[in-house]
Amino acid sequence: MLQRALAESDGTLTSADIDKITKNYALAVPSILGEAFGLLRGHRMKTRERFALTYLGAITGLYDDFFDERGTPTERILQMTKCPEKAVANSSHEQLFLTLCLKALDYTDHKDLLLQRVEEVYLAQLNSKAQAASGNSWEALKKITFDKGGASFLYYRSAMENRASEAENLMLFTLGGTMQLENDLFDVYKDRESGVETLATNANSISELRQLYHDRQRESDRCLEATEFPKAQKVRFRNFTRVILVRGNVCLDELEKTAATTGGVFDVNAYERKQLVCDMESRKNVMASIRYNKEGV
């Protein structure tokens, strides 16, 4: 399907878009989030769920690009979001998005819930456009960050066969916001270059940013404890997600070293690319990640 879409592209769909699908989102969503959801509920994903999550992951990058790259009118995005079955594509990019979206709906048992969650993602994305403006307050950036990440997690969760309880939804919303903050730590250079304001680009104290990150993790843990799942399942879920979250600690360590070159005050505009990009493939950072995971931080 992807090869055919690329071959027939009118130029709005590129090999980079396909790579983003196959090497990132469509791979990561089922293999990380889907597996985590399965651990929490106590049994693995079913085939329909895996298909649904794969398709939802596949449309994620295409959807983000409507807002970030293509300048698609928000009314047009909302139309495709709410009624993909009635929308008529204006480009190859839109056609692939709509095709994948309809495939995802075919594999979910809760179409109305999924469409509701997609609309919530739309609203969170709309609000996040404020990050392209300057002068956002710290509190405003926190809300944008946490709402965006939380809405995304609930969107993916809606594809699962069993419906989530209110307690599980609250936990996933909190955890999703925490992971969005982690993503912003790794994207600090990219966001600086794009003129996007995030908590990471606006921070002047890495220790304050670290405290916020740890507070969010503790809040996620509290929400997890409040869910109805057996303790063993909650432990497996927390251990699985911790492997992802410890990467944020490694990135914070790198940013703290960078801030030390400017007297301990973090100034995102004062550094070269290599000072802001955290290479998680390096042996040093892999070992640091393992150490943090063993320490349970």
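Visitor: Which residue follows α14, and what is the sign of its phi?
Guide: Gly296 follows α14. Its phi is positive, near 75 degrees. The model is predicted, with local features needing pLDDT of at least 70, side-chain atom pairs counting only at pLDDT 80 or more, and totals for chains, interfaces and linings using all residues. Numbering runs from 1 along each chain as its sequence is written, and side-chain values use heavy atoms, without hydrogens and water.

Visitor: What makes α14 a helix here?
Guide: A helix is a DSSP run of H or I with at least four residues, numbered from the N terminus. Helix α14 has 13 residues, 283–295.

Visitor: How do you know that the span of α14 agrees with the expected one?
Guide: Take 1.5 Å times one less than the number of residues. For α14 that gives 18 Å, and its end C-alpha atoms are 18 Å apart, so the two agree.

Visitor: Which residues of α14 are called buried?
Guide: Buried means under 20% relative accessible area, exposed over 50%, and partly exposed in between (1.4 Å probe, protein chains only). Asn285, Ala288, Ser289 and Tyr292 are buried.

Visitor: Why are the buried residues of α14 said to line one face?
Guide: Look down the axis of α14. The buried residues fall within an arc of 100 degrees, so they line one face. The arc is taken from the directions from the helix axis to the C-beta atoms.

Visitor: What does the face turned away from the buried side of α14 carry?
Guide: Arg283 and Lys294, both exposed.

Visitor: What covers the buried residues of α14?
Guide: The cover includes α11 and α12. Contact means heavy atoms within 4.5 Å.

How values were computed:
Helix = DSSP H or I, 4+ residues; strand = E, 2+ residues; numbered from the N terminus.
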